[in-house]
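Visitor: I have a protein structure open and I'd like to learn how to read it. Could you walk me through it, one feature at a time?

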Amino acid sequence: MERFTKLTTTAIPLPIENIDTDQIIPARFLKATDKKGFGDNVFRDWRYDSDGNLNMDFPLNAPQYKEAQILVAGDNFGCGSSREHAAWAIAGYGLKVVISSFFADIFKGNALNNGLLPIQVSPDFLKQLLTSVQENPATKITVDLENQVVEYAGVYTEQGRSTKSEFEIDPYKKVCLINGYDDIDFLVSKKDTIEAFEKERMVF
């Protein structure tokens, strides 16, 4: 996985609640076991019409969000089935962060295992952030993983409301993301410590 420490980029607003994994990646695309190509079909039934043409009203297709690497979504993101392919599809599309006020636990775990950072914020902060991104697509969001802070500059800056929020993350997953480790990489990084531990307890 790529290392993740700090990211500053624009965002795609998707103010829809209860987005499930079948909407993220429809079941008909789950035959493959390789991660390649899933990004092409993320939100397939929303991004394309029945004739296979791009739906330009859908935010991911809007040119003003073309360079964004963050998805700001409604509450309860990633609910439904446990398919890991949903995380593959979002990461494969080029998104590195999803911000919501709540994530399904299984999706959150799958995301973290695939280098995709799910950031849970308060409903009020999410509402402010969505408003800022929708009113100004050039809104920059900074995600600082080491300090566990997400911050943006937007319409609320001048109104004295907080444009910064702390977020929680499992300490182990934080270490993995910062170092670009999967579970095997993490164990390999502890090889010397493991070998020393075994030698101390070796019985002759």
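## A guided reading

Guide: Let's begin with cysteines. This structure holds 0 disulfides. Bear in mind as we go that the model is a predicted one.

Visitor: What is a disulfide, anyway?

Guide: The general idea is simple: it's a covalent bond linking the sulfur atoms of two cysteines. Here you'll find 0 of them. You can still look at where cysteines sit: Cys 79 has a relative accessible area of 17%, so it counts as buried, the cut-off being under 20%. Cys 176 is buried as well, at 3% relative accessibility.

Visitor: Let's zoom out. How many helices and strands does the protein chain have?

Guide: The protein chain has 8 helices and 8 strands. Its C-alpha atoms fill a box of roughly 70 × 50 × 25 Å along the principal axes. Of its 204 residues, 45% are buried. And if you take the contacts with a separation of 6 or more, 64% are between residues 24 or more positions apart.

Visitor: Now the sheets. In what order do the strands of the parallel sheet come?

Guide: When you read a sheet, go across it strand by strand, then look at the edges. In this one, 4 strands with parallel pairing make an open sheet, ordered β2-β3-β4-β5. The edges are β2 (11-14) and β5 (117-120); each has a single partner strand, so one side of each has no neighbour in the sheet. From one strand to the next, the twist averages 20 degrees.

Visitor: What joins β2 to β3?

Guide: There are 4 bridges between these two parallel strands. To find your place, look for Ala 11, which stands opposite Ile 70 in β3. Helix α5 packs on this sheet and touches β2, β3 and β4, its direction making about 115 degrees with that of β2.

Visitor: And which strands form the antiparallel sheet?

Guide: That open sheet also has 4 strands, in the order β1-β6-β7-β8. Its edge strands are β1 (6-9) and β8 (164-166), each pairing on one side only. The average twist is 10 degrees from one strand to the next. Over 4 bridges, β1 pairs with β6 (residues 141-144) in the antiparallel sense, and Leu 7 has Val 143 in β6 as its bridge partner.

Visitor: Which strands of that sheet does α5 lie across?

Guide: Helix α5 (residues 123-135) lies across β6, β7 (149-152) and β8, running at about 40 degrees to β7. Pick out Leu 126, which is in α5. With a relative accessible area of 6%, Leu 126 is buried. Leaving aside neighbours within four places in sequence, its contacts include Val 72, Gly 74, Ser 100 and Val 121. Ile 99 is another contact; the C-alpha atoms of Leu 126 and Ile 99 are 7.8 Å apart, though the two residues are 27 apart in sequence.

Visitor: How do I describe two helices packed together?

Guide: In general, you give the angle between their axes and the distance between those axes. Try helix α3 (residues 85-93) and helix α4 (residues 105-113): their axes come within 8 Å and cross at roughly 50 degrees. That makes α3 and α4 oblique to each other, and the crossing is right-handed. Where they meet, Ala 86, Ala 87 and Ile 90 of α3 face Phe 107, Asn 110 and Ala 111 of α4.

Visitor: Which residues of α3 are buried?

Guide: They are His 85, Ala 86, Ala 87, Trp 88, Ala 89 and Ile 90. These buried residues pack against α1 (21-24), β4 (97-100) and α4. After α3 comes Gly 94, with a positive phi near 115 degrees.

Visitor: Which residue other than glycine has a positive phi near 50 degrees?

Guide: That's Phe 43, in the loop between α1 and α2 (44-47). Phe 43 is buried, with a relative accessible area of 0%. Asn 76 isn't a glycine either, and its phi is positive at about 60 degrees. You'll find Asn 76 in the loop between β3 (70-73) and α3.

Visitor: Is Asn 76 buried or exposed?

Guide: Asn 76 is buried, with a relative accessible area of 17%.

Key:
Residues numbered from 1 in each chain as written. Predicted model: local features only at pLDDT ≥ 70, side-chain atom pairs only at ≥ 80, totals over all residues. Heavy atoms only, no water. Pairing = 2+ DSSP bridges. Axes fitted to C-alpha atoms, helices over the stretch in contact; angles between N-to-C directions. Contact = heavy atoms within 4.5 Å. Disulfide = S-S within 2.5 Å. Buried < 20%, exposed > 50% of the residue type's maximum accessible area, 1.4 Å probe, protein only. Parallel < 35°, antiparallel > 145°, perpendicular 65-115°, else oblique. Left-handed = near helix turned anticlockwise from the far one by under 90°.
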